[in-house]
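Here's a walk through one model, taken a piece at a time. Keep the viewer open and follow along.

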Amino acid sequence: MKKIGILGGIGWPSTVEYYADLCKLAEARNRAQMPEMVIESLDPAKAEMLAGSDDDEDSWLAFDAYHRAALQRLERSGAGFAVIACNTAHHRLTQIERGLAMPVLGIVDAAADACAERGVREVLILGTRTVMASAVFREIFRRRGIDARAPAEERHRQMVLASIDALSCGHHDGASGRIRQVIVESGLHQANPAAAVYLGCTELPLAFPAKKHESMFEIDGIRCINSTALHIRAAFEYATMDA
């Protein structure tokens with residue numbers, strides 16, 4: 001079984017989910033063998049401070065370097081591959097992973113593949129401001145024939161951000177209600193079986209504790225794509241490949 005590197009801390013609640021759920025998947029498969037794992041935990045405040053602007057490529061250099069250095073430490077520790085427990089960093093994954101010998105499994109690719117397999121053709125992206133604005137995310141979905149968009153209204157985007165802030169500190173504070181409201185008011189309809197919501201922050205599924213381990217689940221009849229669960233499953237499958 002390949003040693004798993006987890007780049008986490010951004011934020012800590014979802015990092016806990018990655019570690020725990022990988023262990024649970026291994027335990028369910030074979031109690032006698034657990035995966036070796038190593039975690040590099042970053043400072044979310046520093047990561048946010050270093051975030052750049054998409055109209056200035058150089059403004060991202062420090063952000064990229066901060067994440068790359070952590071991945072290099074995972075590589076030196078013997079990790080066979082890594083996952084970044086954060087959607088926002090995947091906006092810069094191509095730049096971050098430059099120079100690494102070990103692979104880094106992309107969270108958006110795992111989710112977009114799952115959507116394509118399930119016939120999803122329209123996706124509402126909820127996440128940090130960087131994720132909701134990301135042309136990179138939309139392009140990854142587009143390559144699978146999926147039209148992806150963020151909430152059109154600023155007040156909806158603010159409601160998503162407020163939910164993420166609460167969940168990142170381990171609190172719910174009405175997050176599930178806000179997310180439900182955004183979904184309903186953003187124009188997704190139960191009558192459209194090809195529509196889904198991308199929970200594009202690894203903390204967002206924590207707003208629905210009973211569903212947080214499910215790759216896809218429904219909220220008021222609308223399918224939700226659990227990027228965290230899908231990424232964890234992809235990491236486990238990769239770690240056990242040829243094992």
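Is Glu153 buried, partly exposed or exposed? With a relative accessibility of 37%, Glu153 falls in the partly exposed class. Keep in mind that what you're looking at is a predicted model.

Glu153 has a partner, too: its side chain meets that of Arg155 in a salt bridge, at 2.8 Å from N to O. Arg155 is also partly exposed, at a relative accessible area of 42%. Moving on a little, Arg157 makes a salt bridge with Glu154, and here the closest N and O atoms are 2.9 Å apart. Both Arg157 and Glu154 belong to helix α9, which covers residues 154–168, and they sit 3 residues apart, about one turn of the helix. Glu154 has a relative accessible area of 33%, so put it down as partly exposed.

The general idea behind such pairs is simple: side chains of opposite charge can pair when their charged atoms come close. With a cut-off of 4 Å between the side-chain nitrogen and the carboxyl oxygen, the count for this model comes to 15 salt bridges. One of them joins Arg149 and Glu122, whose closest N and O atoms are 3.7 Å apart. Arg149 lies in strand β6 (residues 147–149) and Glu122 in strand β5 (residues 122–127), so this pair ties together parts that are 27 residues apart in sequence. Arg149 is partly exposed at 26% relative accessibility, and Glu122 is partly exposed at 22%. Salt bridges can also link up: Glu57, Asp64 and Arg92 form a network of them.

Next, go to His91, in the loop between α4 (87–90) and α5 (93–96). His91 has just 6% relative accessibility, and because buried means under 20%, His91 counts as buried. What does His91 touch, once residues up to four places away in sequence are set aside? The list is Asp54, Trp60, Thr130, Ser134, Val136 and Phe137. You can also check His91 against Ala135: their C-alpha atoms are 8.4 Å apart in space, while the two residues are 44 apart in sequence.

Now for some helix packing. Two packed helices are described by the angle between their axes and the distance between the axes. Take helix α6 (residues 107–117) and helix α11 (residues 227–240): their axes come within 9 Å and cross at roughly 100 degrees. Angles of 65 to 115 degrees count as roughly perpendicular, and α6 and α11 are therefore roughly perpendicular to each other. On the α6 side, the contact is made by Ile107, Ala110, Ala111 and Ala114, while α11 brings Ser227, Thr228, Leu230, His231 and Ala234. Sorted by class, that contact has 6 nonpolar residues, 3 polar ones and no charged ones.

Ser227, found in helix α11, deserves a stop of its own. Ser227 is buried, with a relative accessible area of 0%. Beyond its neighbours within four places in sequence, Ser227 is in contact with Asn87, Ile107, Tyr198, Leu199, Gly200 and Cys201.

Finally, step back along the chain to a hairpin. Strand β8 (residues 216–219) pairs with strand β9 (residues 222–226) in the antiparallel sense, over 4 bridges. Within that pairing, Phe217 has Cys224 of β9 as its bridge partner. The hairpin has 2 residues between the strands, and Asp220 takes a positive phi near 50 degrees.

How values were computed. Residues are numbered from 1 along each chain as its sequence is written. This is a predicted model: local features need pLDDT of at least 70, side-chain atom pairs count only at pLDDT 80 or more; totals for chains, interfaces and linings use all residues. Side-chain values use heavy atoms; hydrogens and water are left out. Axes are lines fitted to C-alpha atoms, for helices over the stretch in contact, and angles run from 0 to 180 degrees between N-to-C directions. Angles under 35 degrees count as roughly parallel, over 145 as roughly antiparallel, 65 to 115 as roughly perpendicular and the rest as oblique. Contact means heavy atoms within 4.5 Å. Ala, Val, Leu, Ile, Met, Phe, Trp, Tyr, Cys and Pro count as nonpolar, Asp, Glu, Lys and Arg as charged, and the others, Gly among them, as polar. Two strands pair if DSSP finds at least two bridges between them. Buried means under 20% relative accessible area, exposed over 50%, partly exposed in between (1.4 Å probe, protein chains only).
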